[in-house]
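This report walks through a sheet and two individual residues, with the structure shown for reference.

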Amino acid sequence: MSARNAPLEPPAPPQGGIAARARAAAAPPYLDGLNPEQREAVETTDGPVLVLAGAGTGKTRVLTTRIAHILATGRARPGQILAVTFTNKAAREMKHRIGSLIGQSVEGMAWLGTFHAIGVKILRTHAELAGLKRNFTILDTDDQIRLLKQIIQAENIDDKRWPARQLASHIDGWKNRGMTPDKVPQGEAFAFANGRGAELYQMYQDRLRVLNAVDFGDLLLETLDILHKHPDVLAEYQRRFRYVLVDEYQDTNVVQYLWLKLLARREDGNPGNIACVGDDDQSIYGWRGADVDNILRFEKDFPGAKVVRLERNYRSKAHILTAASHLIAHNEGRLGKTLHTDDDDGEKVMVACAWDSEEEARLIGEEIERLQRGGESLNEIAILVRASFQMREFEDRFVTLGLPYRVIGGPRFYERAEIRDAMAYFRVLVQPADDLAFERIVNTPRRGLGDATLKILHAYARANSVPLIQAAAVIIETEELKPKPRKSLRDVLDMFERWRNELDSTAHTELAPIILDESGYTQMWLDDKSPDAPGRLENLKELVRSMEPYESMAGFLEHVSLVMDAETGAEQEEKVSLMTLHSAKGLEFDTVFLPGWEEGLFPHQRALDESGKSGLEEERRLAYVGITRAKERARLYFASNRRIHGLWQSSIPSRFLDELPASAVEVAETGSVSGNWGYGASRFDNRESFSSPYDTPGWQRAQSRKASGYRTSQPRMIEGEIIARSSGGASAFEKGERVFHQKFGYGKIMSIDGNKMTVDFEKAGSKRVIDSFLEKQ
Ligand code: ATP
Ligand code: MG
């Protein structure tokens with residue numbers, strides 16, 4: 001659909017006649033049940049609208065209904081609406097609900113998704129404007145760190161003193177704030193390796209280009225850059241997006257904000273039809289660069305904005321709402337909102353103490369079984385943890401009980417080592433320039449292609465700015481490698497070529513197991529006698545199964561790279577949901593269990609250490625988010641003892657428990673220990689990571705389109721480059737010249753074939769080697 005198509009005209013406003021009045025009185029059914037403020041927010045379709053309101057007041061419902069209204073009244077076609085949700089799951093649900101509101105399925109809402117999903121779509125369309133090819137790879141955190149480590153080491157910087165992880169976090173921070181390397185303030189560049197921060201950031205970006213890859217930050221930053229530099233592209237999108245809607249606006253960061261501001265403007269510079277909804281009390285991504293001020297600035301950025309406040313909570317029973325409101329009132333930095341419910345008191349918020357985390361998991365497991373026996377649906381039960389490490393205990397317990405559960409917010413499945421290995425094979429197949437994937441599998445299973453081989457490949461790849469697989473293709477034609485590794489490497493390349501030839505003719509679900517078998521990867525686990533090997537083989541089977549709904553390997557890889565909660569949706573079975581508090585935003589359940597309310601864990605020690613009072617307030621907002629997920633029951637737990645890195649520590653109950661109103665809380669008598677609050681002292685080891693969609697990175701990299709084989713179009717260009725370089729450039733050796741080779745010693749060049757030389761070495765005899773490994777003498 002072209003953005004230049006004439007927009008549909010909105011229907012004529014009702015006129016004074018009797019029929020018209022009758023029609024106006026019969027409001028469309030999708031508006032039924034909305035309260036007057038909600039309805040106003042839905043029906044004010046023109047100009048900027050901000051809905052600033054507390055949890056459970058129907059903000060998301062307003063957005064959904066608003067889209068339904070825009071579509072039903074013909075104000076825009078599905079493809080002309082840009083709607084940003086916080087997770088892919090939320091996007092799916094929204095699409096589904098819009099469909100049921102207007103009584104037909106909504107096809108073509110191509111621009112309803114997360115910032116990242118929309119960013120990747122725009123970036124693929126205009127990849128060449130960012131110096132990328134369309135099939136670029138999206139790196140996940142793991143790959144990002146490995147790449148940075150290589151750069152740090154290549155620059156002879158001590159990576160113990162200046163760890164890659166630290167640089168990654170600076171770079172993410174800069175990207176979140178919309179800064180390209182040239183924009184990094186001098187002072188901040190000093191934060192890493194004595195002032196080399198910005199320079200390393202630049203090197204990293206350059207290296208990403210060579211690999212035809214981006215990281216998650218780039219999905220938005222590069223898009224923003226394109227929109228800034230190419231007014232025609234910007235104008236096209238501004239024309240296309242007749243309506244822009246944003247959920248969870250309080251958690252947008254600077255780059256997202258700048259991006260929205262551009263896209264939501266009309267070509268004439270006036271603000272367009274943008275509707276944002278949010279709640280300053282639920283801003284929980286400050287640590288990742290979200291800026292709650294965006295919401296406070298809205299009226300200034302979008303003059304004439306209509307601000308709607310919603311005060312009635314439709315989600316939670318009164319006791320739950322009272323507890324949450326009381327808790328959040330302890331924060332100083334907030335706008336302050338009134339929130340009420342017309343619902344009855346319901347159950348009090350329960351607080352219980354367990355001896356340790358194992359007992360905590362046991363108590364919660366028993367409670368869930370009791371609820372289940374009482375007829376509650378498992379789908380309506382959630383456990384929300386502060387840090388992802390807390391999940392394991394629950395998973396173990398649920399497995400023991402045979403209680404079905406799903407983990408939301410981080411596709412744990414795709415993070416397992418065997419899955420990542422298998423995916424790396426698929427990635428190299430689809431995008432041969434994907435060095436990190438290649439490096440991951442070149443010697444997995446072991447083929448005698450260890451560090452020594454990789455070093456040679458790397459040296460060549462770096463010197464010639466080509467991907468590793470291309471370097472390998474050149475090197476196997478020489479004697480740089482010993483015969484054994486040379487043969488192994490040749491076998492690997494041959495395998496990939498064989499599979500690549502089958503890519504178009506064989507279904508990817510058939511090809512995938514062939515790859516796993518022929519590569520020896522399956523055998524590696526069959527030979528492995530460790531207790532978890534059978535489980536890994538099952539996971540590999542499951543991986544192949546999970547590819548079925550996708551039409552191609554590339555489509556599947558793209559899916560994995562974007563999906564945050566891949567395990568949900570497919571199966572109909574009822575399940576308990578397990579997730580971090582961060583991933584719970586926007587969701588609701590009848591019963592919510594909140595374990596681990598202990599000082600150091602929640603509030604998390606690192607938040608306190610790094611951000612002091614503002615860190616504490618963000619933790620408190622997280623607690624508010626947690627409690628307000630509950631409709632009927634909220635149950636809070638803390639353990640008196642917790643084992644951290646093998647050491648028992650006694651713990652202090654969270655201060656947030658003391659901040660709850662006694663009137664809405666009931667302290668439970670639990671099993672082995674009475675509520676012995678406040679004894680012992682603990683400082684949780686703050687090495688525990690924060691919980692977030694990012695610490696269990698669901699984002700895998702992938703490619704959307706099939707890349708051509710490395711010996712065809714893309715690499716041929718690269719090969720041309722090599723030849724050009726070696727024949728004309730600095731490496732021009734001459735026949736008869738005396739040279740030195742690290743491994744083979746001194747010798748004389750006998751013949752030259754592009755960048756490959758046959759050298760008669762004094763000790764090693766005649767060998768074929770590569771010019772970049774030779775020194776003139
Ligand atoms: P959060 O801040 O947690 O994201 P929210 O403001 O987006 O919450 P919704 O999720 O849209 O709130 O709504 C909360 C619940 O209240 C949902 O179950 C929704 O269907 C229901 N709800 C919203 N408005 C109404 C209404 N007018 N009548 C009945 N139920 C409503
Ligand atoms: Mg919501």
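Helices here are DSSP runs of H or I covering at least four residues, and they are numbered from the N terminus. In this predicted model, helix 15 is the run comprising residues 318-328, and Ala-324 lies within that helix.

**Surroundings of Ala-324**

Ala-324 has a relative accessible area of 0% and is therefore buried. Once residues up to four places away in sequence are set aside, Ala-324 touches Tyr-624, Ile-627 and Thr-628. Pro-661 stands 337 residues from Ala-324 in sequence, yet the C-alpha atoms of the two are 9.1 Å apart in space.

**The sheet and its helices**

Seven strands form an open sheet in the order 11-12-10-13-14-9-17, and their pairing is parallel. Strand 11 (405-408) and strand 17 (665-667) each have a single partner strand, so at these edges one side of each is left without a neighbour in the sheet. From one strand to the next, the twist averages 25°.

Within this sheet, strand 13 (residues 589-594) and strand 14 (residues 630-639) are paired in the parallel sense over five bridges, and Leu-594 has Leu-636 of strand 14 as its bridge partner. Two helices that meet these strands are set side by side below.

| Helix | Residues | Strands met | Angle |
|---|---|---|---|
| Helix 16 | 357-373 | strand 9 (349-354), strand 10 (381-385), strand 12 (576-580), strand 13 and strand 14 | about 155° to strand 14 |
| Helix 28 | 605-627 | strand 10, strand 13 and strand 14 | about 140° to strand 13 |

Helix 16 thus lies across strands that include strand 13 and strand 14, while helix 28 packs on the sheet and also touches strand 13 and strand 14.

**Surroundings of Glu-737**

Is Glu-737 buried or exposed? Residues count as buried when their relative accessible area is under 20%, and Glu-737, at 19% relative accessibility, is therefore counted as buried. Glu-737 is placed in the loop that runs between helix 30 (713-728) and strand 18 (738-741).

The side chain of Glu-737 has a polar atom lying 2.6 Å from the backbone nitrogen of Glu-734, and it also makes a polar contact, at 3.2 Å, with the side chain of Lys-776. Apart from neighbours within four places in sequence, the residues in contact with Glu-737 are Gly-747, Lys-748, Ile-749 and Lys-776.

Key: Residues are numbered from 1 along each chain as its sequence is written. Chains are lettered from A and ligands numbered from 1 in the order in which they are written. This is a predicted model: local features need pLDDT of at least 70, side-chain atom pairs count only at pLDDT 80 or more; totals for chains, interfaces and linings use all residues. Side-chain values use heavy atoms; hydrogens and water are left out. Two strands pair if DSSP finds at least two bridges between them. Axes are lines fitted to C-alpha atoms, for helices over the stretch in contact, and angles run from 0 to 180 degrees between N-to-C directions. Contact means heavy atoms within 4.5 Å. Buried means under 20% relative accessible area, exposed over 50%, partly exposed in between (1.4 Å probe, protein chains only). A polar contact is a pair of N or O atoms within 3.5 Å; within protein, one must be able to donate a hydrogen and the other to accept it, and residues adjacent in sequence count only if both atoms are side-chain atoms.
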